[in-house]
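Take a walk through this model, one element at a time. Keep the structure open as you read.

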Amino acid sequence: MSKIGHPFVLNYAIIYLITNYGSDFLNADREYNEIVLPKNINTDITSIDYIQGIFNNIKENTILDFSKIKFIDGELTPFLGINIRNLQNLGINFKIRKNEQSDVSHFLTKNGFFYKILKSSKVWDYFNNAIQYNEINCRNQNEINDYISNVVFEQIKDKSNKSNDFMSGFSNAIFELADNVKTHSESNYITMCGQFYPKKKLLTFSLGDNGITIPRVVMTKINDFSFDSDSDAIQWSTLKGNTTKKKYKAGGLGLYVILKSIMENNGSITIVSNNGYWKRESSGEEIKHEMKNSFPGTLVIFQMDTSITNNINVFDDGEYELKF
Amino acid sequence: MENKNIKARNIIQSKLGVSSDQGQKIFKILASNVSKKIHTTIYFDDIDVLTTAFLNTAIGNLYATAGNDTLNQYITISPMGISKSKLDKIKLVMENSRNRLTKEETDKEIFDND
């Protein structure tokens with residue numbers, strides 16, 4: 001018997017592989033191409049554009065190798081999820097390779113991403129500051145509300161870290177974005193995930209969809225304007241009163257209200273849609289880029305201070321006049 | 001003049017005022033009462049989330065049905081029990097719709113599209 005065929009050596013080899021790469025390697029198939037994801041996955045334009053290029057070049061069944069990732073922004077998992085879902089809808093199958101020992105693998109397992117998107121390693125408890133990855137029908141108000149109340153707010157355990165104004169502002173932002181998806185992108189699902197940083201009292205969160213992109217909606221419906229770039233079209237959609245709705249319908253405030261609320265509370269917002277990448281900091285600094293690789297949907301990433309308390313006043317009759 | 005009080009919470013049967021479908025229920029009642037010359041006071045207290053999608057339909061689209069004076073004569077939006085951020089949002093929707101819609105322009109738009 002050769003040394004490699006010895007039962008002890010084989011058992012040891014299998015235990016080693018399961019320990020280091022997870023059981024999913026057992027399903028690895030020679031018909032699958034393999035793609036190694038980069039060490040660092042973050043919300044910078046360079047990182048997003050690079051990863052988008054990887055996904056846009058996938059044409060066949062693929063093993064996605066997560067084992068080399070050393071850092072991932074938690075709020076970027078919807079970006080990965082939407083890309084994977086789109087390709088799955090085209091009939092492409094995915095398997096994963098992961099390093100069970102790594103923090104990133106631990107994070108993506110415990111926030112539900114691996115299970116939800118790839119049906120791998122179901123673990124439903126939470127890990128540190130990870131907020132559960134979820135895909136929800138954008139018309140299902142109760143399910144969205146349950147996610148906000150029982151997952152996002154529950155994760156911010158210390159009540160001193162979450163003000164009523166933050167909870168109200170966050171809920172508003174999510175429902176405004178969900179309505180935008182329903183009304184404009186014609187997608188049925190929204191994908192959400194985030195991360196809470198207790199010391200900074202900061203929530204980073206993203207909501208995305210794989211429907212018609214903002215630049216396409218704007219450029220198709222607004223014939224009066226021509227935009228030089230997709231990021232210009234995204235910027236236009238965030239301005240007060242701008243809407244693609246017919247002129248005899250009220251509209252044009254959803255993104256503006258979200259933007260205003262986030263800017264007033266030292267946050268930031270990034271919108272990725274088609275080839276456009278647009279970011280606004282509370283300082284007023286604005287970044288606009290055209291990506292080489294188009295994202296097949298819209299992703300809104302934002303940061304909010306969870307301790308804000310600036311709009312708490314409740315009014316009695318006569319104190320505030322609303323006139324038509 | 002006949003007076004009616006309505007609570008948005010009871011009309012939409014929810015603490016979430018987030019969709020234009022829900023807003024449409026409020027709009028229909030208010031527009032109908034204006035046409036019947038009934039004064040309505042509407043209350044938005046006890047609603048946790050008010051989005052612009054909801055308010056655009058419930059309140060904003062009223063500008064397409066009557067002039068400002070008529071709307072002020074027959075509709076009062078009570079600020080009672082509402083936070084400043086929500087009131088600011090209602091005010092923003094009203095301001096935006098006022099600039100965007102007038103009955104005359106809307107009639108012309110609808111007529112032209114027909």
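**From a helix start to the aromatic pairs**

At the start of H7(A), a side-chain oxygen of Ser163(A) comes to within 3.0 Å of the backbone nitrogen of Phe166(A). The model is predicted. Helix H7 of chain A covers residues 164–185. At 1.5 Å a residue, its 22 residues should span 32 Å, and the end C-alpha atoms are 30 Å apart, which agrees. The helix is mostly covered, with 17 of its 22 residues buried. Just after H7(A), Glu186(A) takes a positive phi of about 60°.

Phe166(A) also belongs to an aromatic cluster. Its other members are Tyr147(A), Phe153(A), Phe170(A), Phe205(A) and Phe302(A).

Now turn to the strands. Strand E9 of chain A, residues 268–281, is mostly covered: 13 of its 14 residues are buried. E9(A) runs antiparallel to strand E10 of chain A, residues 286–305, and 12 bridges join the two. Ser273(A) has Thr298(A) in E10(A) as its bridge partner. Four residues lie between the strands of this hairpin, where Gly284(A) takes a positive phi near 100°.

Next comes strand E3 of chain A, residues 62–65, which holds Thr62(A). Thr62(A) has a relative accessible area of 2%, so it counts as buried. What does Thr62(A) touch, not counting residues up to four places away in sequence? Its contacts are Tyr32(A), Asn33(A), Ile35(A), Asn93(A), Phe94(A) and Lys95(A). Two of these residues meet each other: Lys95(A) lies over the face of Tyr32(A), at 4.3 Å from the ring centre. Lys200(A) lies over the face of Tyr197(A), at 5.7 Å from the ring centre.

Over all chains, the structure holds 15 aromatic pairs. One of them joins Phe66(A) and Phe113(A): the ring centres are 6.3 Å apart and the planes stand at 65°, so the pair is edge-to-face. Phe66(A) lies in the loop between E3 and strand E4 of chain A, and Phe113(A) in helix H5 of chain A, so the pair ties together parts 47 residues apart in sequence. Phe66(A) is buried at 3% relative accessibility. Phe113(A) is buried too, at 0%.

Chain B offers an edge-to-face pair in Phe44(B) and Phe54(B), with 6.3 Å centre to centre and 85° between the planes. Phe44(B) lies in the loop between strands E3 and E4 of chain B, and Phe54(B) in helix H3 of chain B, so this pair ties together parts 10 residues apart in sequence. Phe44(B) is buried, with a relative accessible area of 1%. Phe54(B) counts as buried at 0%.

Definitions and conventions
Residues are numbered from 1 along each chain as its sequence is written. Chains are lettered from A and ligands numbered from 1 in the order in which they are written. This is a predicted model: local features need pLDDT of at least 70, side-chain atom pairs count only at pLDDT 80 or more; totals for chains, interfaces and linings use all residues. Side-chain values use heavy atoms; hydrogens and water are left out. The expected span of a helix is 1.5 Å times one less than its number of residues. Buried means under 20% relative accessible area, exposed over 50%, partly exposed in between (1.4 Å probe, protein chains only). A polar contact is a pair of N or O atoms within 3.5 Å; within protein, one must be able to donate a hydrogen and the other to accept it, and residues adjacent in sequence count only if both atoms are side-chain atoms. Two strands pair if DSSP finds at least two bridges between them. Contact means heavy atoms within 4.5 Å. Rings of Phe, Tyr and Trp (its six-membered ring) pair if their centres lie within 6.5 Å; planes under 30 degrees apart count as stacked, over 60 as edge-to-face and the rest as tilted. A charge sits over a ring if NZ of Lys or CZ of Arg is within 6 Å of the ring centre and within 35 degrees of the ring normal.
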